[in-house]
Amino acid sequence: MSKLEIHQVAVLSDNYVYLAHDAETGATAVVDPAVVEPVMAAAAAKGWKITHILNTHHHADHTGGNLEIKDMTGCTIVGPKADKDRIPGIDIEVADGDTYMLGNAEAKVFDVPGHTSGHCAFWFAGSDALFSGDTLFAMGCGRLFEGTPAQMWDSLSKFMDLPDATQIFCAHEYTLSNGEFALSVEPENADLLARMEEVREKRRGGVPTVPSTLAEEKATNPFLRPMSAHLQETVGLSGAGLVEVFTETRARKDSF
Ligand code: ZN
Ligand code: FE
């Protein structure tokens with residue numbers, strides 16, 4: 001199985017668009033093209049010809065470049081079947097458990113509703129890469145615009161079964177503010193305190209904090225940690241069920 005070369009493009013105020021390139025075949029996907037010009041420029045600079053767009057969900061800051069890039073390149077647009085009517089120009093509809101070949105690189109698709117009802121994620125096992133869209137962020141998770149906390153917890157739980165070394169290519173640089181919230185619910189988490197030092201340093205220098213690894217997220221992301229006794233105690237739910245703790249944590253983040 002082929003290993004992808006992944007190039008990160010920072011656009012708008014805090015979005016990350018990714019170019020994923022399979023050198024064996026030349027196939028190149030844009031993941032969640034918020035915009036057109038910076039993405040086309042980045043692909044040109046790499047000498048990569050865009051053959052695919054992979055969309056995680058319908059929001060404009062993930063699909064805004066779809067039609068124009070398709071027009072310019074003739075690329076194939078792959079997106080969630082569950083939301084096919086809201087993905088501009090969709091050609092290939094994928095759903096939970098499907099695999100999709102980007103050249104010789106195989107993606108497994110997860111349906112991960114919560115942020116939107118039809119959100120999906122693409123996991124390239126051979127590249128240790130998860131494109132998580134607005135579901136899992138570095139030290140955070142997406143807001144629940146179209147789903148319930150129970151759905152989001154179920155979605156995040158799918159990611160927790162992936163290998164610890166999986167790199168989380170999320171779609172926004174929200175890490176610093178997510179981390180401030182994480183500290184409010186786990187003030188004594190040593191891994192979190194250490195990670196925040198690194199994150200502050202990186203952001204002072206304008207350096208991306210994304211991707212992180214799943215191991216880091218499991219150790220520091222409160223939305224993957226409803227089982228933490230420390231977090232449960234802080235939110236006043238010691239011994240409660242995981243969905244209940246997750247729900248309370250998400251509610252606190254909404255008003256943080
Ligand atoms: Zn979104
Ligand atoms: Fe977004």
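The exercises below, each with a worked solution, concern a predicted model and treat its metal sites, its aromatic pairs and two of its helices.

**Exercise 1. Identify the protein donors of the iron ion (ligand 2) and decide how the site is classed from the angles among its donor atoms.**

Step 1. The protein atoms that serve as donors of the iron ion (ligand 2) come from Asp61 (OD), His62 (NE2), Asp134 (OD) and His172 (NE2), at 2.1 to 2.4 Å from the ion.

Step 2. Along the chain, these donors of the iron ion (ligand 2) follow the spacing D-H-x71-D-x37-H.

Step 3. The four donor atoms make angles of 84 to 167°, whereas a tetrahedral class would need all angles to lie between 85 and 135 degrees; the site of the iron ion (ligand 2) is irregular.

**Exercise 2. Carry out the corresponding analysis for the zinc ion (ligand 1), and find which residue bridges the two ions.**

Step 1. For the zinc ion (ligand 1), the protein donors are His57 (NE2), His59 (ND1), His115 (NE2) and Asp134 (OD), lying 2.2 to 2.3 Å from the ion.

Step 2. Their angles run from 86 to 172° among the four donor atoms, and the site of the zinc ion (ligand 1) is irregular.

Step 3. The spacing of the donors of the zinc ion (ligand 1) along the chain reads H-x1-H-x55-H-x18-D.

Step 4. The bridging residue is Asp134, which joins the zinc ion (ligand 1) and the iron ion (ligand 2) across a separation of 3.2 Å between the ions.

Step 5. Since His59 lies in the loop between strand S4 (52-54) and helix H2 (60-63), and Asp134 in the loop between S10 and S11, the pair ties together parts that are 75 residues apart in sequence. His59 is buried, with a relative accessible area of 18%, and Asp134 also counts as buried, at 3% relative accessibility.

**Exercise 3. Place His172 in the fold and list its contacts, leaving aside its neighbours within four places in sequence.**

Step 1. His172 is found in the loop between S13 and H5, and at 3% relative accessibility this residue counts as buried.

Step 2. With neighbours within four places in sequence left aside, the residues in contact with His172 are Asp14, Asn15, Tyr16, Asp61, His62, Asp134, Phe137 and Val210. Among them, Asp61, His62 and Asp134 are, like His172, donors of the iron ion (ligand 2).

Step 3. Gly142, 30 residues from His172 along the chain, has its C-alpha atom 9.9 Å from that of His172.

**Exercise 4. Classify the aromatic pairs Tyr18–Phe131 and Phe181–Phe256, and state which parts of the chain each pair connects.**

Step 1. The structure holds twelve aromatic pairs. In the pair of Tyr18 and Phe131, the ring centres are 5.6 Å apart and the planes stand at 55°, so the pair is tilted.

Step 2. Because Tyr18 lies in strand S2 (residues 15-21) and Phe131 in strand S10, the pair ties together parts that are 113 residues apart in sequence. Tyr18 is buried, with a relative accessible area of 1%, and Phe131 likewise counts as buried at 1% relative accessibility.

Step 3. Phe181 and Phe256 form an edge-to-face pair, with 5.3 Å from centre to centre and 75° between the planes. This pair links Phe181 in helix H5 to Phe256 in the segment after helix H9 (242-254), 75 residues apart.

Step 4. The partners of this second pair differ in burial: Phe181 is buried, with a relative accessible area of 1%, whereas Phe256, at 56% relative accessibility, counts as exposed.

Step 5. Tyr18 and Phe131 also belong, together with Tyr16, Phe124 and Phe169, to one aromatic cluster.

**Exercise 5. Determine how the buried residues of H9 and of H6 are arranged around each helix axis, and what they pack against.**

Step 1. H9, with 13 residues, reaches 18 Å from its first C-alpha to its last, close to the 18 Å expected at 1.5 Å a residue.

Step 2. The buried residues in H9 are Val245, Phe246, Thr249, Arg250 and Lys253. Seen down the axis of H9, they fall within an arc of 130°, so they line one face of the helix.

Step 3. These buried residues of H9 pack against strand S12 (140-141), helix H4 (149-160), H5 and helix H8 (229-234).

Step 4. In H6, Leu192, Arg195, Met196 and Val199 are buried. Their arc around the axis is only 105°, which puts them on the same side of H6, while Ala190, Glu197, Glu201 and Arg204 are exposed on the other side.

Step 5. The packing partners of the buried residues of H6 are H5, strand S14 (212-213) and helix H7 (214-220).

Key. Residues numbered from 1 in each chain as written. Chains lettered and ligands numbered in written order. Predicted model: local features only at pLDDT ≥ 70, side-chain atom pairs only at ≥ 80, totals over all residues. Heavy atoms only, no water. Donors = N, O, S within 2.8 Å, 3.2 Å for Na, K, Ca; no water. Tetrahedral: all angles 85-135°; square planar, octahedral: opposite > 155°, others 65-115°. Buried < 20%, exposed > 50% of the residue type's maximum accessible area, 1.4 Å probe, protein only. Phe/Tyr/Trp six-rings, centres within 6.5 Å; stacked < 30°, edge-to-face > 60°. Helix = DSSP H or I, 4+ residues; strand = E, 2+ residues; numbered from the N terminus. Expected span 1.5 Å × (residues − 1). Arc of directions from axis to C-beta. Contact = heavy atoms within 4.5 Å.
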